[in-house]
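The following exercises are to be worked with the sequence and the coordinates at hand. Each task is followed by a solution in steps.

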Amino acid sequence: MSATGNAPAGGDPLELPPYSLDVEALDLGPSTTAVGLELLETESREPVKGKEAAAIWAAVFPALANEENFVVDFFAHVDRVREFCKINEIHFREAAERCLVLRAPTESQLEQLFARFEGETFGVRAGVTTETPDAALEKELSHRGLEAYQSAYERYTFCAVCEPDDGWVTVLSKTLWPTEIIRRVRPAAQRFDVYISRPQ
């Protein structure tokens with residue numbers, strides 16, 4: 001394991017922060033470029049869950065988007081998502097038959113979403129393409145779920161498949177390699193005492 005994140009501040013030099021974010025390239029076939037982000041408890045190697053995980057992911061995604069516009073896609077349990085967004089004043093739009101698109105939620109709103117829908121799988125897209133609706137992709141999301149990203153992610157800076165309950169995010173991107181992802185998210189992760197590493 002090569003450390004590429006924050007080092008412990010004082011104390012035992014072998015003492016690591018409580019959380020780790022492992023960032024590594026994934027082999028999903030020759031036509032797909034992907035990076036896996038896994039948020040773990042450093043000692044137990046179990047996925048980080050609950051409010052701690054929600055706060056960390058909510059900080060990581062705006063950093064990953066790096067000031068580009070981003071949206072969050074929900075394609076399952078949309079009635080519950082719609083009601084939650086209305087109650088919490090989170091802007092959304094209806095897309096295709098069964099897809100809700102949340103445009104640029106704040107960090108606070110992202111934290112609420114990650115906490116409330118921790119057991120669900122949902123997506124995040126970033127890039128200039130998100131500034132207008134992508135009817136073709138949103139229709140595919142309604143029918144095929146996040147598999148639809150596979151054929152569309154090259155139009156975006158990234159498309160990410162979020163599985164918070166497993167502490168896992170898959171980032172599909174032609175431009176974001178593990179080193180660039182680490183560079184972008186390190187300042188946000190440091191706020192939460194997260195050790196960033198690249199497993200060998």
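**Exercise 1. Determine the handedness of the crossing of H1 and H5, and describe its geometry and contacts.**

Solution. The crossing of H1 and H5 is right-handed. The model under study is a predicted one.

- Step 1. The two axes, those of H1 and H5, come within 8 Å and cross at roughly 135°.
- Step 2. An angle that is neither under 35 degrees, nor over 145, nor from 65 to 115 counts as oblique; H1 is therefore oblique to H5.
- Step 3. On the H1 side, the contact is made by Ala59, Val60, Ala63, Leu64 and Ala65. On the H5 side, Ile181, Arg184, Val185 and Ala188 take part.

**Exercise 2. Identify the salt-bridge partner of arginine 183 and of arginine 184, and classify each arginine as buried, partly exposed or exposed.**

Solution.

- Step 1. Arginine 183 pairs with glutamate 180, and the closest N and O atoms are 2.7 Å apart. Arginine 184 also forms a salt bridge with glutamate 180, at 2.8 Å between the closest N and O atoms.
- Step 2. Arginine 183 and glutamate 180 are three residues apart in helix H5 (residues 178-190), about one turn of the helix. Arginine 184 and glutamate 180 are four residues apart in H5, again about one turn.
- Step 3. Buried means under 20% relative accessible area. With 16%, arginine 184 is therefore buried, whereas arginine 183, with 48%, is partly exposed.

**Exercise 3. Establish which parts of the chain are tied together by the salt bridge of aspartate 134 and arginine 155.**

Solution.

- Step 1. The side chains of aspartate 134 and arginine 155 meet at 2.6 Å, N to O.
- Step 2. Aspartate 134 belongs to the loop between strand S7 (122-126) and helix H4 (135-144), and arginine 155 to the loop between H4 and strand S8 (158-163), so the pair joins parts that are 21 residues apart in sequence.
- Step 3. Aspartate 134 is buried at 9% relative accessibility, while arginine 155 is partly exposed at 42%.
- Step 4. In total, the structure holds 13 salt bridges. Elsewhere, Asp73, Arg93, Arg125 and Glu138 are linked in a salt-bridge network.

**Exercise 4. Characterise the largest nonpolar core and the surroundings of phenylalanine 61.**

Solution.

- Step 1. The largest nonpolar core has 46 residues, and Trp57, Phe61 and Phe158 have the most contacts inside it.
- Step 2. Helix H1 (residues 50-65) supplies the largest share of this core, nine residues.
- Step 3. Residues up to four places away in sequence being left out, phenylalanine 61 touches Leu110, Phe114, Val124, Phe158, Ala160, Cys162 and Val169.
- Step 4. A second core, separate from the largest, has 17 residues, including Ala95, Val101, Leu141 and Val161.

**Exercise 5. Locate asparagine 66 and alanine 96, and state the sign of phi for each.**

Solution.

- Step 1. Asparagine 66 is in the loop between H1 and strand S4 (70-74). Its phi is near 55°, a positive value in a residue other than glycine.
- Step 2. Alanine 96 is found in the loop between strand S5 (93-95) and strand S6 (99-103). Phi of alanine 96 is near 50° and is likewise positive in a residue other than glycine.
- Step 3. Asparagine 66 is partly exposed at 39% relative accessibility, and alanine 96 is partly exposed at 45%.

Conventions
Residues are numbered from 1 along each chain as its sequence is written. This is a predicted model: local features need pLDDT of at least 70, side-chain atom pairs count only at pLDDT 80 or more; totals for chains, interfaces and linings use all residues. Side-chain values use heavy atoms; hydrogens and water are left out. A nonpolar core is a set of buried Ala, Val, Leu, Ile, Met, Phe, Trp, Tyr and Cys residues joined through side-chain atoms within 4.5 Å. Buried means under 20% relative accessible area, exposed over 50%, partly exposed in between (1.4 Å probe, protein chains only). Helices (H or I, at least four residues) and strands (E, at least two) are DSSP runs, numbered from the N terminus. Contact means heavy atoms within 4.5 Å. A salt bridge is a side-chain nitrogen of Lys or Arg within 4 Å of a carboxyl oxygen of Asp or Glu. Axes are lines fitted to C-alpha atoms, for helices over the stretch in contact, and angles run from 0 to 180 degrees between N-to-C directions. A crossing is left-handed if the near helix is turned anticlockwise from the far one by less than a right angle, and right-handed if clockwise.
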